[in-house]
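Let's take a friendly walk through the cysteine chemistry of this protein. Have the sequence and the fold ready as you read.

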Amino acid sequence: MRYITGGIAMGAALALGGGLLAAGTTTASAAPAPVPAAQTQSLYAASALVLTVGHGANSTEASVDRAVTLTCFPKATGSHPDSKGACAALKAADGDFKKATTIKSGTACTKEWNPSVVTADGVWEGQRVRFERTFANPCEAKAGKGTLFEF
């Protein structure tokens with residue numbers, strides 16, 4: 001009801017104002033209020049992840065040593081110590097975590113079994129992601145985790 005009476009009042013004010021302008025009784029007219037610029041929206045949802053590094057054969061058995069947050073869109077932020085570098089590494093891998101954690105060729109590591117596990121959980125460019133990779137030992141982990149899991 002309030003909106004109807006407000007609309008009627010607005011219509012009456014415009015009609016009366018137009019009549020006064022036609023009669024020449026007003027000396028100044030108000031300029032219309034500027035229309036605010038439209039906010040551009042992204043085609044992608046925000047990219048926000050929780051990354052963990054732990055010791056164990058898989059994420060269910062591992063003890064989490066460190067965990068950070070990483071947001072890559074609209075800008076690189078989070079508790080990751082090198083959020084810009086980590087976002088750039090993930091973008092260079094086209095969001096493929098397996099590609100981003102590939103052990104560099106020519107890496108010489110011992111054959112010990114002292115597993116480390118890295119995980120990523122969240123959203124990357126609007127897609128839900130859950131990633132887990134187990135490295136056989138700290139040497140492989142250092143060679144494979146790259147900037148993304150370097151924290």
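Does Cys-139 count as buried, partly exposed or exposed? With a relative accessibility of 30%, Cys-139 is partly exposed, since that class lies between the cut-offs of 20% and 50%. Please keep in mind that this is a predicted model.

Cys-139 has a bonding partner: together with Cys-109 it forms a disulfide, with 2.0 Å between the sulfur atoms. This bond ties distant parts of the chain together, for Cys-109 sits in the loop between helix H3 (97–100) and strand E3 (116–124), while Cys-139 belongs to helix H4 (residues 138–144), 30 residues apart. Cys-109 is partly exposed too, at a relative accessible area of 23%.

The structure holds 2 disulfides, and the other pair is Cys-72 with Cys-87, whose sulfur atoms are also 2.0 Å apart. Here, too, distant parts of the chain are linked: Cys-72 lies in the loop between strand E2 (63–71) and helix H2 (83–92), and Cys-87 lies in helix H2, 15 residues apart. Cys-72 is buried, with a relative accessible area of 15%, and Cys-87 is buried at 8%.

Now for the handedness of each bond. The torsion about the S-S bond is about -90° for Cys-72 and Cys-87, so that disulfide is left-handed. For Cys-109 and Cys-139 the torsion is about -75°, so this disulfide is left-handed as well.

| Disulfide | S-S distance | S-S torsion |
|---|---|---|
| Cys-72 and Cys-87 | 2.0 Å | about -90° |
| Cys-109 and Cys-139 | 2.0 Å | about -75° |

Counting bonded cysteines along the chain, the connectivity reads 1-2, 3-4.

Key. Residues are numbered from 1 along each chain as its sequence is written. This is a predicted model: local features need pLDDT of at least 70, side-chain atom pairs count only at pLDDT 80 or more; totals for chains, interfaces and linings use all residues. Side-chain values use heavy atoms; hydrogens and water are left out. A disulfide is a pair of cysteine sulfur atoms within 2.5 Å. Helices (H or I, at least four residues) and strands (E, at least two) are DSSP runs, numbered from the N terminus. Buried means under 20% relative accessible area, exposed over 50%, partly exposed in between (1.4 Å probe, protein chains only).
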